[in-house]
Amino acid sequence: MLLVTGITGHTGRYFLQELIDHKYEDTIRCVVRANSDKKMIENSGLKIEMVVGDLNDTKFLDTCLKDVTTVLHIPSIRYSLHIVEAAIKNNVPRAILVHTTGIYSKFKAASGEYKIIEKNLQDIAKNQQVKITILRPTMIYGDLCDHNISKFIKMLDKLRMFPVIDHGNGLIQPVNARNLGKAYYSVLTLPIEKAKEEYILSGEKPITMLEAFKLININLGKETIFISVPSKVGVFLARCMKGITFGKVDYIERVQRMSEDRCFSHEEAMKDFNYKPMSFEDGIEIEVKEYLKLQNR
């Protein structure tokens, strides 16, 4: 039995579509929230058993992992320790965990917590039978449910002048959620002995932040004046904003990361399961069209 967490989330829905497209035959147990939109699961035609609960509840997880042979955990690295502990307790042979390339950030605020979690994971999984594969997407985009590019689309549509950190020269490699759904399925169907401990799932190729913004503008049919802001000034302003709002608006980490390159090779994924992400040019055209349709334009 396959256990999936986060199947009604952003990339989880694309993974579910892969299961549907491939007519997945094994039984699937899905952990969902009480208020999750379950229509896609209910109409999937797959053998799916839904369980409602909290991933912080260790007793609940212990029940979920019974009779499971593979767990695919999508929603957050912060639940991974509980998931793997329950997998070990129930002798689950395989765990596929979706984490992040944020662990490689030079900024402690962005990577520190992730490093601690993965160190603890290594410790509890040491000498245990469970085989862990960690998947690391880069910046995820693809539709208006993403928390990254969709925000930039909205801002670029409204603002005629737009600030960019250090001339927008920081490199990014956004990955489309559709490609992640396919990649999750590919790893799931890889023989356990062939799966590596880690795969980076990045977009087709690196582009600068400024190039990404200009592509968004082209699809919006807008012209924007981009104003370069030194990263130190941007971080200072973000700290002021955090202070003024008593911590409610905190963009410090995001501003810091705009000044560092976030591009990573997906060569191992390409070798092992023919991973071929779409170009940002193609992906952003789809997302902006979705945005314009919602705006009746």
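Biologist: Which residues line the second largest cavity?
Modeller: In this structure, which is a predicted model, the second largest cavity encloses about 40 Å³ of space. Its lining includes two or more residues from each of the elements β8 (161-165) and α8 (209-220). By name, the residues that line the second largest cavity are V164, I165, G168, M209, F213 and M258.

Biologist: How many charged residues does the lining of the second largest cavity have?
Modeller: The residues around this space include V164, I165 and F213. Sorted by class, the lining has five nonpolar residues and one polar residue, and the number of charged residues is none.

Biologist: What is the volume of the largest cavity?
Modeller: The structure holds two cavities of 30 Å³ or more. The largest cavity is lined by residues that include Q173, P174, K205 and F280, and by class its lining has four nonpolar, three polar and three charged residues. The space in the largest cavity comes to about 60 Å³.

Biologist: Which residues lie nearest the centre of the second largest pocket?
Modeller: The second largest pocket holds about 340 Å³ of space, and the elements that contribute two or more residues to its lining are α5 (108-125) and β6 (131-137). By class, that lining has five nonpolar, three polar and six charged residues. Of the 14 lining residues, those nearest the centre of the pocket are Q122, A125, I132, I134 and E197.

Biologist: Is N127 buried or exposed?
Modeller: N127 sits in the loop between α5 and β6, and its phi is near 65°, a positive value in a residue other than glycine. Because its relative accessibility is 76%, and the cut-off for this class is over 50%, N127 counts as exposed.

Biologist: Where does D67 lie, and what is its relative accessible area?
Modeller: D67 has a positive phi of about 65°, although it is not a glycine. The residue belongs to the loop between α3 (58-64) and β4 (70-73). D67 is exposed, and its relative accessible area is 65%.

Biologist: Which residues form a nonpolar patch on the surface with about 300 Å² of accessible area together?
Modeller: One member of this patch is I225, which is placed in strand β13 (residues 225-229). I225 counts as exposed because its relative accessibility is 52%, where the class begins over 50%. The nonpolar patch is formed by M161, I225 and I227.

Biologist: How many residues apart are K222 and D157?
Modeller: The structure holds 16 salt bridges, and in one of them K222 pairs with D157, the closest N and O atoms being 3.6 Å apart. This pair links distant parts of the chain, with K222 in the loop between α8 and β13 and D157 in helix α6 (residues 149-158), and the separation along the chain is 65 residues.

Biologist: Which of K222 and D157 is buried?
Modeller: K222 has a relative accessible area of 27%, so K222 is classed as partly exposed. D157 has a relative accessible area of 9%, and since buried means under 20%, the buried residue is D157.

Biologist: What is the N to O distance in the salt bridge of E260 and R257?
Modeller: As a general point, side chains of opposite charge can pair when their charged atoms come close. Here both E260 and R257 are buried. Their side chains meet in a salt bridge, with an N to O distance of 2.9 Å.

Biologist: Why are K271 and E267 separated by about one helical turn?
Modeller: K271 forms a salt bridge with E267, and their closest N and O atoms are 3.7 Å apart. K271 is exposed, with a relative accessible area of 56%, whereas E267 is partly exposed, with a value of 40%. The separation is about one helical turn because, in helix α11 (residues 267-273), K271 and E267 are four residues apart.

Biologist: Which residues are linked with K271 in a network of salt bridges?
Modeller: The salt bridge between K271 and E267 has already been described, and both of these residues belong to helix α11. The network of salt bridges includes E267 and K271 themselves, and the residues linked with K271 in it are K196, E267, E268 and D272.

Definitions and conventions. Residues numbered from 1 in each chain as written. Predicted model: local features only at pLDDT ≥ 70, side-chain atom pairs only at ≥ 80, totals over all residues. Heavy atoms only, no water. Patch = residues over 30% accessible without salt bridge, like charges linked within 9 Å, V, L, I, M, F, W, Y side chains within 5 Å. Areas by Shrake-Rupley, 256 points an atom, 1.4 Å probe, with all protein chains shown as cover. Salt bridge = Lys/Arg side-chain N within 4 Å of Asp/Glu carboxyl O. Buried < 20%, exposed > 50% of the residue type's maximum accessible area, 1.4 Å probe, protein only. 1 Å grid on protein atoms, 1.4 Å probe; cavity = no way out; pocket = protein on both sides within 12 Å on 5 of 7 lines; lining within 4 Å. Points joined across faces, edges and corners; volume = space filled by probe spheres on them. Nonpolar A, V, L, I, M, F, W, Y, C, P; charged D, E, K, R; others polar.
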